[in-house]
Amino acid sequence: MGLGPNGVRRLYGPEAEKDPMGLYEKLRAEHGPVAPVLLQGDVPAWLVLGHSENLHMTRTPSQFSRDSRRWRALHDGTAPPDHPLAPIFTWQPICVFADGAEHERLRGAVTDSIGRIDHRGVRRYINRHSNRLVNDFCRDGRADLVSRFAEHLPMMVMAQIIGMPEEYSERLVQAARDMIKGTETANESNDYVMSVLRRLVTRRRAVPEDDFATWLTEHPAGLSDDEVSQHLRLVLIAAYETTANLIANVLRMVLTDPRFRARLSGGHMTLPEAVEQTLWDEPPFTSIFGRWAVGDTELGGQRIKAGDALIVGIAAANVDPVVRPELSASMRGNRAHLAFSGGPHECPGQDIGRAIADTGVDALLMRLPDVQLAVEEHELRYRGALMSRQLLELPVTFAPRPPQDVTVPPSEAVVVPPPREWRVASPPPGTVPGERPMPAPADTAGATEAASARTATSAEAGAAPDASAAVPTAVPTAVDPGPAPGAATDSASDSASVPASSAIPQRHTDSAPVRAWRIVTRWWKG
């Protein structure tokens, strides 16, 4: 199944999905830094495996264009309009498919709008949405961090940035994942995402707001409604898919590599550094399709013909022995990876993706510092596609915790608030051998109240008990911790989703009788 006509290897099917890195190494051994491959439907293309060859291709648009209309397979019918990869290669009026002056005009509108994003505000969104997602499962003691965290956080944040938080839904999440996978439903998923974005553009033309969609509609480049919609799709999908995969991969490495976690928890590695290491080892996009040869040329010892399609081999280039002879070596401080491609088409929103990943993972680990993988590493399952290798599940366990107010920074909560508190009381008079019973006062209630007050005052002052005093006995008394005082929520929906009874209790501090009991215990032990 892995070989097509003339023995050319396929980039789709069971072998490519199960072990893409193994396939890349076979291709490297057989053909060198540039290898012939087959896409869905056995459409021919070139996969660029070498690091320097990828850099040359991405940095030389005069030889390798981004305009898919040059593709010979489109003209001879080899790649029909309903091809599973059509959402990726079909030409659209966006910067991804443009070169030269047109590329500068369109990309300028995108980069200028990205530059207006308030990064501090974005981190607040990330923390708030991270808290909300963790609140949904923190009481359970177990969760799948892919389906309940990694898949949702980037879409929640990007929907907020773009200006359509009300459109966030499970359907939007799944459509965004499906449309670039080359599946039978990819075109349908693409149509759904575009319908959502076109409605947004119509609203922003009528009622501008302070969001990414409005900035694009009002940019001096004068983008049409279709151009704005297509660029919103580009930003949304690129940021979502890469960041969802990146979060899942960082969490997997933290949970499965003891050295990785030790360096992180010991302060020898920061989360941004952990993200960069992951971008080398498990890039969120394994490859990017495509480039098209402007004329006959040569690359990596292969003769490339005009109109040929080429694929940026990100994951393969990151492990090229020429630049990385030892795969286990730390790449700390080295950003030469190709996780975000290169050249004039390098991803302009990569810093937003990094922020969502490192802030989101930090928030989750802050809330659940004891999180552990619930299965063996070899039991984890993946789904491969042309552009990415997606971790399907990341089941974990942790100590159950109460939800947290979503408006405050993530913090470690009390694991399980104790249902009962031990209080210290003296035994009834006359029950200790050698002690004479005290006569009952006339006003029993008043005397008891006064005695309790004196005991509390003495304990507060730290007075040591007399050696002849009786050893106090511990009397369990149920205590209702009640809701956290002053707890606030950011909206009515947050109030509804996190009831007051589930607010995090205040950190427990010892009462005066407990402190007195500890003093007696120390005295009793000498």
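Which residue in E6 is the bridge partner of Phe64? Select Phe64 and look across to E6: the partner is Ala293. The model on screen is a predicted one.

**Stop 1: strand E4 against E6**

Stay with this pair of strands. Strand E4 covers residues 64-65 and is joined to E6 by two bridges, the two strands running antiparallel. Now add Ser65 to the selection; opposite this residue, in E6, stands Trp292.

**Stop 2: strand E6**

Select residues 288-293, which make up strand E6. Six of the six residues are buried, so the strand is largely enclosed by the rest of the structure. Burial here means under 20% relative accessible area.

Next, select residues 309-312, strand E9. Four bridges tie E9 to E6, and the pairing is antiparallel. For one contact point between them, show Phe289, whose bridge partner in E9 is Ile311.

**Stop 3: the whole sheet**

Zoom out and colour the strands in the order E1-E2-E3-E9-E6-E4. They form an open sheet of six strands with mixed pairing. The edges are strand E1, residues 9-10, and E4, each of which pairs on one side only.

With the sheet still shown, add helix H3, residues 51-59. H3 packs on the sheet and touches E2, E3, E4, E6 and E9. Its direction makes about 120 degrees with that of E9.

Then add helix H2, which lies across E1, strand E2 (34-39) and strand E3 (43-48). The angle between H2 and E2 is about 130 degrees.

**Stop 4: the second largest pocket**

H2 also leads to the next stop, since helix H2 (20-31) is among the helices that each supply at least two residues of the lining of the second largest pocket. The others to select are helix H13 (225-256), helix H14 (258-265) and helix H15 (271-281).

The space in this pocket amounts to about 550 Å³. Its lining has 25 residues; show Met253, Asp281, Glu282, Arg324 and Leu327 as sticks, as these lie nearest the centre. Colouring the lining by residue class gives nine nonpolar, five polar and 11 charged residues.

**Stop 5: the loop before H13**

Finally, select Ser224, found in the loop between helix H12 (212-217) and H13. Is Ser224 buried, exposed or in between, and what is its relative accessibility? The value for Ser224 is 34%, so this residue counts as partly exposed, the band between 20% and 50%.

Add Pro93 and draw a distance between the C-alpha atoms of Ser224 and Pro93: the separation is 9.6 Å, although the two residues are 131 apart along the chain.

Note on methods
Residues are numbered from 1 along each chain as its sequence is written. This is a predicted model: local features need pLDDT of at least 70, side-chain atom pairs count only at pLDDT 80 or more; totals for chains, interfaces and linings use all residues. Side-chain values use heavy atoms; hydrogens and water are left out. On a 1 Å grid over the protein atoms alone, a cavity is a set of points where a 1.4 Å probe fits but cannot get out, and a pocket is an open set with protein on both sides within 12 Å along at least five of seven lines; lining residues have an atom within 4 Å of a point. Grid points are joined across faces, edges and corners, and a volume is the space filled by probe spheres set on the points. Ala, Val, Leu, Ile, Met, Phe, Trp, Tyr, Cys and Pro count as nonpolar, Asp, Glu, Lys and Arg as charged, and the others, Gly among them, as polar. Buried means under 20% relative accessible area, exposed over 50%, partly exposed in between (1.4 Å probe, protein chains only). Two strands pair if DSSP finds at least two bridges between them. Contact means heavy atoms within 4.5 Å. Axes are lines fitted to C-alpha atoms, for helices over the stretch in contact, and angles run from 0 to 180 degrees between N-to-C directions.
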